[in-house]
Amino acid sequence: MKSVLTVICIFCALGTISACSEPPAPQQAPIRAIAWQKVTLEPIKQVRNLPGNIVPAETAPLSFQVGGKIEKVHVKLGDSIRAGQLLAKLDTSNYQLALQAAQGEVKRAQALYSERQAEYLRFQQLLEQQLVSKSQFDNAKSQAQSARSTLEVATTQVKIAQKNLADTQLLAPYDGHISKQFAEPSQQVASGQTVFEVEGIHGFEIEVFVPEIMIKHIQLGQICKVSSQVTKSSQLNATVKEIASRAETANSFKVILQFNQAHPDLRAGMSVEVEFVYLSSERNNVSGDAIKVPLSAVLAGANQQNFVFVFNAQSNLLEQRLVTTENIVENQVLITQGLKSGEIIATAGVHFLTDGQQVTLLQNQINIFN
């Protein structure tokens, strides 16, 4: 009896050991829930903010048309001026003497002309009476004509001397103010040497240098938003007025915009930022519609390739799909090829997703639509 119980215990022990050595049942990997977005098509809109400088709409360097020593300066830097106002004056001594000399030449030429003209008329009468030869008459006529030409030249010299004397006064061309001053009293200046720089009162403009890649998208009459540190609380707009036909600094083109409204805090020389918006792509030179997706939805691959994960609602599987990306606008990537309107893509954690992976959609997220 004792041996029977022993055998039974051995069999029980072997059964227990056999049961403990069986492998556990395989467990399925959990299905991941993804953040997602249903994409839609919309026109390609590029937004570029470029720095610009405020310049006066009217500005001119002023100089004397004659040289000389400055006798008096009637204005100073920052003064307001009116059209025709006297700004500065040269010493007129030399120009007055030149005018007197020219006037003396006119008197001398006038006397000579009167004498030669009287002689010509006398010879004309004598010729009619056949008391002088034709050659003598022609000589008298020639001398009278020469004296007349001399008088005309002397008269012109007087006008030139009068103009030079008048040009010793520098007058304001239009209403405005003095923005720069380059000369002081008793200073010797040459003809054409800048003495003042004046700015008009007809508002301000903006100078912007636009890169060659986007200049073809800028149009005359285009309205742009303008932001400035001194006008943060005001919305400013400006209209494209001029577009240069030739590149300047760093292959960029100068574009002039005119403010659509005045602001009392704006001054020439201030910096602003101009927002250019246009419906086209800079990268691949395409236009039309595109899809905006978050930066977090794009997976970068080799050879500058980009991918997104598209969700298949029938199979609940992800497809890693190659897409063509354009510019980045407001942290959104523009995609022009590879996606269709209405498709669902993963928008977060794309580095942890794989092609063909089974997933579900988060149900309590805020859906993001373009």
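These legends describe close-up views of a predicted model.

**View 1. An open sheet of four strands.**
The strands follow the order β9-β8-β6-β11. Their pairing is antiparallel. β9 (169-171) and β11 (188-189) form the edges. Each of these edge strands pairs on one side only.

**View 2. The contact between β6 and β11.**
Strand β6 covers residues 68-73. Two bridges join β6 to β11, and the two strands run antiparallel. One residue pair can be named here: Gly-68 has Val-189 of β11 as its bridge partner. β11 (188-189) is also an edge strand of the open sheet.

**View 3. A salt bridge between Lys-76 and Asp-79.**
The structure holds 11 salt bridges. One of them is formed by the side chains of Lys-76 and Asp-79. The N to O distance is 3.5 Å. Lys-76 counts as exposed, with 53% relative accessibility. Asp-79 is partly exposed, and its relative accessible area is 21%. The cut-off for buried is under 20%, so a residue at 21% is classed as partly exposed.

**View 4. A salt bridge within helix α3.**
The side chains of Asp-138 and Lys-134 meet in a salt bridge, 3.0 Å from N to O. Both residues belong to helix α3 (residues 134-166). They are four residues apart, which means a separation of about one helical turn. Asp-138 is partly exposed, with a relative accessible area of 35%. Lys-134 has 51% relative accessibility and counts as exposed. The cut-off for exposed is over 50%, so a value of 51% falls in that class.

**View 5. A buried salt bridge pair, Arg-321 and Glu-343.**
The side chains of Arg-321 and Glu-343 form a salt bridge at 2.8 Å, N to O. Arg-321 sits in strand β21 (residues 317-329). Glu-343 sits in the loop between β22 (332-337) and β23 (344-346). The pair therefore ties together parts that are 22 residues apart in sequence. Arg-321 counts as buried at 17% relative accessibility. Glu-343 also counts as buried, at 18%.

**View 6. The network around Arg-321.**
Glu-319, Arg-321 and Glu-343 belong to one network. Salt bridges that share partners join these residues. Within the network, the side chains of Arg-321 and Glu-343 meet at 2.8 Å, N to O.

Definitions and conventions. Residues numbered from 1 in each chain as written. Predicted model: local features only at pLDDT ≥ 70, side-chain atom pairs only at ≥ 80, totals over all residues. Heavy atoms only, no water. Pairing = 2+ DSSP bridges. Salt bridge = Lys/Arg side-chain N within 4 Å of Asp/Glu carboxyl O. Buried < 20%, exposed > 50% of the residue type's maximum accessible area, 1.4 Å probe, protein only.
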